[in-house]
Amino acid sequence: MKIQSIRGVKDILPDEIWKWQYIESIVHNIFPRYGFREIRLPIFENTRLFTRSIGEATDIVEKEMYTFQDRGGDSITLRPEGTASVVRAYVEHKMYNPPSILKMFYIGPMFRYERPQAGRLRQFNQIGVEAMGSPSPIVDVEVMTMLMEFFKQLGLTDTQLQINSLGSQECRPHYREILITEIEKHLDQLCSNCTNRYQRNPLRILDCKQCGKIAEGLPKLIDHLDPASAEHFSEVQSLLDSAGTPYSVNPNLVRGLDYYNRTAFEVTSQNLGAQNAICGGGRYDTLVEELDGPSTPCFGFALGLERLVSLVPFDNAKTLQKNPDIFIVCLGDEAKTAAFQIAHELRLKGIRIERDYDAGSMKSQMRKANKTQCRFTLILGENEICSGKYLLKNMETGEQIECPAQELATEIAKFSESS
Ligand code: HAM
């Protein structure tokens, strides 16, 4: 039986990889302006890292982790997200004393055993950032503003930033009690998922799509914030206003991971369908301490790359497709051998070369050249080898020029400058 890829995972093929590389190049351009540097983290970690940080009563930990025992008997989990790993690395390498706040970003695959559908995969890629070491609302707003600038640079026009405050340990236990009492008045109308978990994780009912009607009428956490969290939230809003970053407050926004406090946010797009969140994040001021590090308030986000790729209009980035500059068409055995040397020399000069190794008929080679979407074909026959002048055909305009071997590189460069 033919072996196929696993349900919910996707190949990124050479024809589309340039889109990913383009987005990554914008990350590498914009994020360092805000002080973020890249960190590369392992794909798998000790299972306890995720159960302790993401929370036992979350969908991710309850039913979505790829967990297995390795040959030494240790419980290993393929990372379902990146924040826990960043915090683990931060504590492990004692990165507590940077000159200022420590800011890192990461790009890579995450794994969640979810029901695959459009926009929801079992292996998906995230770009994430974590700013570690300051409780200031300026950090929250700077990071959200960076994100929205990043989306703008990519040409996204329909993104909506929604924010909420999840308060702190001071106000949440009291609010939980009020919420549970209210939820219990509607128990017969809850979906089975919410019925099962409302005692352990009552906040999730607020953003449950099935229980939306009931959620509308439930008390909101932003009406029960402790004074410091309320002040923090109000500063976040006025800073967003002064940065000119559009947003709306969504009091039902709670995140699917337990480590958040105070600011929580999501960016959605109407062009995404049911799975409409491109990005989610927020503040997590106690996680570093919970993972045995010193008290370190943090703020971060992660965005789904597959969802982002589906939204970006790549019109301005087409030149990033790494198609060949020249496809060498060679006619006859002598030309076939000469093409080897010419290809080698041109590649050393930085030109992307493809050729036909079998050297069939002119027609079949031109067909292959067309398929590669090369910019030029270089036609090599006996006459051309004798005269040392090659026929260079511009595939876009159809124009043909005779070009001496030593001028080929200059001729191609001229074209690159004008395009
Ligand atoms: P998250 O909301 O679980 O947050 O995931 C962030 C983004 O990853 C989502 O908005 C979505 O675009 C994408 N995503 C999540 N699951 C899938 C899936 N199954 N298929 C495709 N895309 C998906 C986090 O992961 C947090 N670690 C974010 C964070 C960083 N908070 C603070 N720092």
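Okay, let's start at the ligand: the biggest share of the shell around it comes from β10, which puts in five residues. Keep in mind that this is a predicted model.

β10 covers 277–283, and it has company. β6, at 123–132, and β11, at 298–304, each supply at least two residues of that shell as well.

So how many residues surround the ligand altogether? It's 25. The closest ones are E81, E114, E130, R255 and Y260. If you sort the shell by class, you get eleven nonpolar residues, with seven polar and seven charged.

Now for the atom pairs, which I guess is what you folks want for setting up a calculation. On the nitrogen side, a polar atom in the E81 side chain sits 2.5 Å from a ligand nitrogen. E81 is also one of the closest residues I just listed.

On the oxygen side, there are two to look at. R255 has a side-chain N or O atom 2.8 Å from an oxygen of the ligand. Then G304 comes in through its backbone, with a polar atom there 3.2 Å from a ligand oxygen.

And how much of the ligand's accessible area does the protein cover? On its own the ligand has 670 Å² of it, and the protein covers 95% of that.

Last thing, zooming out to the whole chain. The domain assignment gives us domain 1, in two pieces, 14–171 and 225–316, and then domain 2, 326–418. Between their C-alpha centres you've got 48 Å.

That's my bit, thanks.

Definitions and conventions
Residues numbered from 1 in each chain as written. Predicted model: local features only at pLDDT ≥ 70, side-chain atom pairs only at ≥ 80, totals over all residues. Heavy atoms only, no water. Near = heavy atom within 4 Å. Polar contact = N/O pair within 3.5 Å; in protein donor to acceptor, adjacent residues only side chain to side chain. Areas by Shrake-Rupley, 256 points an atom, 1.4 Å probe, with all protein chains shown as cover. Helix = DSSP H or I, 4+ residues; strand = E, 2+ residues; numbered from the N terminus. Nonpolar A, V, L, I, M, F, W, Y, C, P; charged D, E, K, R; others polar. Domains from an automatic or database assignment.
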